[in-house]
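The following paragraphs walk through a single chain, beginning with its charges and ending in its core. Please keep the structure open while reading.

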Amino acid sequence: MQNLQFIKSLTPDGSSSSLSVTNCFSAQYDTYAVTYHITTDSGSPKDVSLRLISSADAIITNTNYDYAYYDMGTSGLTENRAVDQNGFTGILNATDFPPEGATGIFYVYKPFSSSHNTHLIAQSANRHNGSTNGYKALGILKETTSITGINIFISSTNPTNESNISVYGVLA
């Protein structure tokens, strides 16, 4: 079993489609666990996406993100992958109105190191429009930038105040 050290959490107020958790990664841990539950004010499913925040407090939007995920739904297994993207699009599953939504955990490896690429793995489950799906995902930011935070975003809609994000350091 993992030993986790709570670092910080965020509950949105529903006024923005973008949620940033800043200054949560440091040299103290090599691995971080991020748990989340995201619901939205939209009745149609929307992808929950992720970008990383540099030590200069800038959201990284260049095309150095590669990712892949399996969407394991009631209609079968779908594989999605992309290279040279400006974020991890849809890597955290899809969401809609409460009480449905996307819930999961992702691990970020060596984000603070400026001599390593930042890797992540994720797993999640969601329920939207009465369908249930599971996701397994992995991603890499192909640059050696010191990462200090995350930015979760949903296009053209806002996460509700029933959403939450928590960041933990993983003790070795």
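**Charges, fold and core**

The chain carries 8 positive and 13 negative side chains, and 5 Å separates the centres of the two sets. These values, like those below, come from a predicted model. The exposed surface amounts to about 7,900 Å², of which carbon and sulfur atoms supply 49%.

Turning to secondary structure, the chain has 12 strands and 0 helices. The pattern along the sequence is accordingly written β-β-β-β-β-β-β-β-β-β-β-β. Of the contacts with a separation of 6 or more, 75% are between residues 24 or more positions apart.

For overall dimensions, the C-alpha trace spans about 45 × 35 × 30 Å along its principal axes. The radius of gyration is 15 Å, which agrees with the value near 16 Å for a compact globule, because that is what the rule gives for 172 residues.

Inside the chain, 49% of the 172 residues are buried, that is, under 20% relative accessible area. The largest nonpolar core contains 34 residues. Within this core, the residues with the most contacts are Leu50, Leu92, Phe106, Ile150 and Ile165.

Which residues does Phe106 contact, leaving aside its neighbours within four places in sequence? Three of the core residues just named are among them: Leu50, Leu92 and Ile150. Phe106 is also in contact with Tyr32, Ala33, Val34 and Tyr36, and with Ile121 and Ala122.

Notes. Residues numbered from 1 in each chain as written. Predicted model: local features only at pLDDT ≥ 70, side-chain atom pairs only at ≥ 80, totals over all residues. Heavy atoms only, no water. Helix = DSSP H or I, 4+ residues; strand = E, 2+ residues; numbered from the N terminus. Rg over C-alpha atoms; globule rule 2.2 N^0.38 Å. Buried < 20%, exposed > 50% of the residue type's maximum accessible area, 1.4 Å probe, protein only. Contact = heavy atoms within 4.5 Å. Areas by Shrake-Rupley, 256 points an atom, 1.4 Å probe, with all protein chains shown as cover. Lys, Arg positive; Asp, Glu negative; His and termini not counted. Charge placed at Lys NZ, Arg CZ, Asp CG, Glu CD. Core = buried A, V, L, I, M, F, W, Y, C linked by side-chain atoms within 4.5 Å.
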